[in-house]
Amino acid sequence: MPQMAPISWLLLFIVFSLAFMMFNIMNYYSFLPPTPKSGETNNLTTSSFNWKW
């Protein structure tokens, strides 16, 4: 809408940018990754691959 003043475009950009950043920050900090139990041992089995080309 060209009849809007430039300060309104700037205000809209700031408001939407802040809302976008807050949404991303809230999603980032609300995610809790699964923590490994201290009693569990990591049994990493390594198997060697013989690639035959």
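The protein has one helix and zero strands. The model is a predicted one. Of its 53 residues, 0% are buried. The protein exposes about 6000 Å², and 71% of that area is supplied by carbon and sulfur atoms.

**Helix H1**
- Helix H1 covers residues 6-30, and Ile7 is found in it.
- Ile7 has a relative accessibility of 59%, so it counts as exposed, the cut-off being over 50%.
- Ser17 also has its place in helix H1.
- Ser17 counts as partly exposed because its relative accessibility is 24%, which lies between the 20% limit for buried and the 50% limit for exposed.
- The side chain of Ser17 reaches back to the main chain: its distance to the backbone oxygen of Phe13 is 2.7 Å.

**Nonpolar surface patch**
- A nonpolar patch of about 1400 Å² lies on the surface.
- Its members include Ile7, Leu10, Phe13, Ile14 and Leu18.
- Phe20, Met21, Met22, Ile25 and Met26 are also among the residues that make the patch.
- Tyr28 and Tyr29 belong to the patch as well.
- Phe13 therefore appears in two roles, as a patch member and as the residue whose backbone oxygen is reached by the Ser17 side chain, a separation of 2.7 Å that is within the 3.5 Å cut-off for a polar contact.

**Aromatic pair**
- The structure holds one aromatic pair.
- The pair is formed by Tyr28 and Tyr29, with 4.9 Å centre to centre and 85° between the planes.
- This geometry is edge-to-face because the angle of 85° is over 60 degrees.
- Tyr28 has a relative accessible area of 59% and is exposed.
- Tyr29 is likewise exposed, at 65% relative accessibility.

Definitions and conventions:
Residues are numbered from 1 along each chain as its sequence is written. This is a predicted model: local features need pLDDT of at least 70, side-chain atom pairs count only at pLDDT 80 or more; totals for chains, interfaces and linings use all residues. Side-chain values use heavy atoms; hydrogens and water are left out. Rings of Phe, Tyr and Trp (its six-membered ring) pair if their centres lie within 6.5 Å; planes under 30 degrees apart count as stacked, over 60 as edge-to-face and the rest as tilted. Buried means under 20% relative accessible area, exposed over 50%, partly exposed in between (1.4 Å probe, protein chains only). Helices (H or I, at least four residues) and strands (E, at least two) are DSSP runs, numbered from the N terminus. Accessible areas come from the Shrake-Rupley method with a 1.4 Å probe; for residues, only the protein chains shown count as cover. Patches are made of residues with over 30% relative accessible area and no salt bridge: like charges are joined within 9 Å, nonpolar side chains (Val, Leu, Ile, Met, Phe, Trp, Tyr) within 5 Å. A salt bridge is a side-chain nitrogen of Lys or Arg within 4 Å of a carboxyl oxygen of Asp or Glu. A polar contact is a pair of N or O atoms within 3.5 Å; within protein, one must be able to donate a hydrogen and the other to accept it, and residues adjacent in sequence count only if both atoms are side-chain atoms.
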